[in-house]
Amino acid sequence: MRAIIVSDREAGAKGMRLAEHPRAHAAENDVVVRVRASGFTPGELTWPGTWEDRSGKDRTPSVPGHEVAGYVDELGYGTTGLTVGQRVVGLADWARDGSLAEYVAVEARNLVPLPADIDFVTAASLPISGLTAWQALFVHADLRAGQSVLVHGAAGGVGSVAVQLAREVGAYVIGTGRPRDRDTVLGLGAHEFLDLGTADWTSREEVDVVLDVIGGQIGEASNKLVRAGGVLVTIAEPPARQPAQGRAVFFIVEPDRAQLLEIIQRVRAGRLHVSVGTVAPLEHAVAALTSRSHVPGKTIISVGD
Ligand SMILES: NC(=O)c1ccc[n+]([C@@H]2O[C@H](COP(=O)([O-])OP(=O)(O)OC[C@H]3O[C@@H](n4cnc5c(N)ncnc54)[C@H](OP(=O)(O)O)[C@@H]3O)[C@@H](O)[C@H]2O)c1
């Protein structure tokens, strides 16, 4: 099958190339999905699962891209709950080959049926942004109605979903970003917008929850915004230090059927909007995923017809 592969850990996204790769096969409880759309997050190339299997053995060349939407093509021994030909969406295991390919093997428990009224491109943009935002706010920060949350990078993939989910749950939402992001972030439902290019964002009143998708100095400077008993959830990199008050936590998103179904339900009901930017075919995936030009929204790779 055709796939985007990586073999060089140091090269990052620049090491991605289109190649022939052994076709995915269904192990026990697996589904092989004929991929129609695939999503990729640059951070995954720094995560061990891209390069090593669960026993720590080199597994390169490996296929990145772990968001998948497509058709069930094959069922493994013992796989229940899904049928060949069914439309599905989900998040592939980090330590196995991913979805920037014509086929991907995924554990059935990590896939959910995809309703006919959500197209494959939209679907492939949901698992990482949706599950990461959900897990950050409701699993790691236990955000509740009446609390305040500051979401960095609020116009981006994870941030934009987090703003909408936090607003829906009844939190006071502050979104941050670049000046050009202001209208987008307020349009998503944030109560306030802070421009990270100005120094005074750090002197804002403390909040219950900070969701940091950027890291570096912005992550570090965010420590002082965490209220006593509050939490800084960071997804870009582990925190360099803990805040003086509250705590900081880093996590890597996990597949979760129940949470993904919640996300899909909100999209169908028009309560959650995702922004897709570039859509490119597999043969142009490397150029699209490494492009330096700014296109708002997530880049999705379409596969097949
Ligand atoms: N740990 C996990 O499980 C996990 C899961 C998903 C994603 N991630 C990681 O989290 C990060 C964010 O993912 P994403 O999909 O949300 O990315 P994204 O769509 O690129 O969103 C990031 C947002 O932050 C903004 N931003 C970045 N640096 C900024 C700065 N210095 N000042 C102001 N705004 C800035 C970006 O604006 P511009 O586009 O203008 O730069 C963009 O709006 C990535 O590093 C990704 O790999 C981790």
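In this predicted model, an oxygen atom of the ligand sits 2.9 Å from a polar backbone atom of Val-158. The residue before it in the numbering, Gly-157, places a backbone N or O atom 2.8 Å from an oxygen atom of the ligand. Val-253 makes a further approach of this kind: one of its polar backbone atoms is 2.7 Å from a ligand oxygen atom. With a cut-off of 3.5 Å between N or O atoms, these pairs count as polar contacts.

On its own, the ligand has 910 Å² of accessible area, and the protein covers 74% of that. Two helices, α2 (127–140) and α3 (157–169), are the elements that contribute two or more residues to the surrounding shell. The shell holds 22 residues in total, and the closest are Gly-157, Arg-178, Arg-180, Phe-251 and Val-253. Sorted by class, the shell contains 12 nonpolar residues, 8 polar ones and 2 charged ones.

The position of the ligand can also be described in terms of domains. Domain 1 is made of two segments, 2–125 and 275–302, while domain 2 spans 128–250. Both domains give residues to the shell, so the ligand lies between them.

The next feature is a sheet. Six strands form an open sheet in the order β10-β9-β8-β11-β12-β13, and their pairing is parallel. At its edges are β10 (192–195) and β13 (247–250), each of which pairs on one side only. Ignoring direction, neighbouring strands of this sheet are turned against each other by 20° on average. In general, strands of a sheet pair through backbone hydrogen bonds, in either a parallel or an antiparallel arrangement.

One pairing within this sheet can be followed at the residue level. Strand β8, residues 148–151, runs parallel to strand β11, residues 207–212, and the two are joined over 3 bridges. Val-149 is placed opposite Val-209 of β11.

Two loops carry backbone features that may be checked directly in the coordinates. In the loop between β3 (30–39) and β4 (67–75) lies Pro-61. The peptide bond that joins Thr-60 to Pro-61 is cis, with omega at about 0°. The other feature belongs to Asn-29, found in the loop between β2 (17–20) and β3. Although Asn-29 is not a glycine, its phi is positive, at about 65°.

Technical notes:
Residues numbered from 1 in each chain as written. Predicted model: local features only at pLDDT ≥ 70, side-chain atom pairs only at ≥ 80, totals over all residues. Heavy atoms only, no water. Near = heavy atom within 4 Å. Polar contact = N/O pair within 3.5 Å; in protein donor to acceptor, adjacent residues only side chain to side chain. Areas by Shrake-Rupley, 256 points an atom, 1.4 Å probe, with all protein chains shown as cover. Helix = DSSP H or I, 4+ residues; strand = E, 2+ residues; numbered from the N terminus. Nonpolar A, V, L, I, M, F, W, Y, C, P; charged D, E, K, R; others polar. Domains from an automatic or database assignment. Pairing = 2+ DSSP bridges. Axes fitted to C-alpha atoms, helices over the stretch in contact; angles between N-to-C directions.
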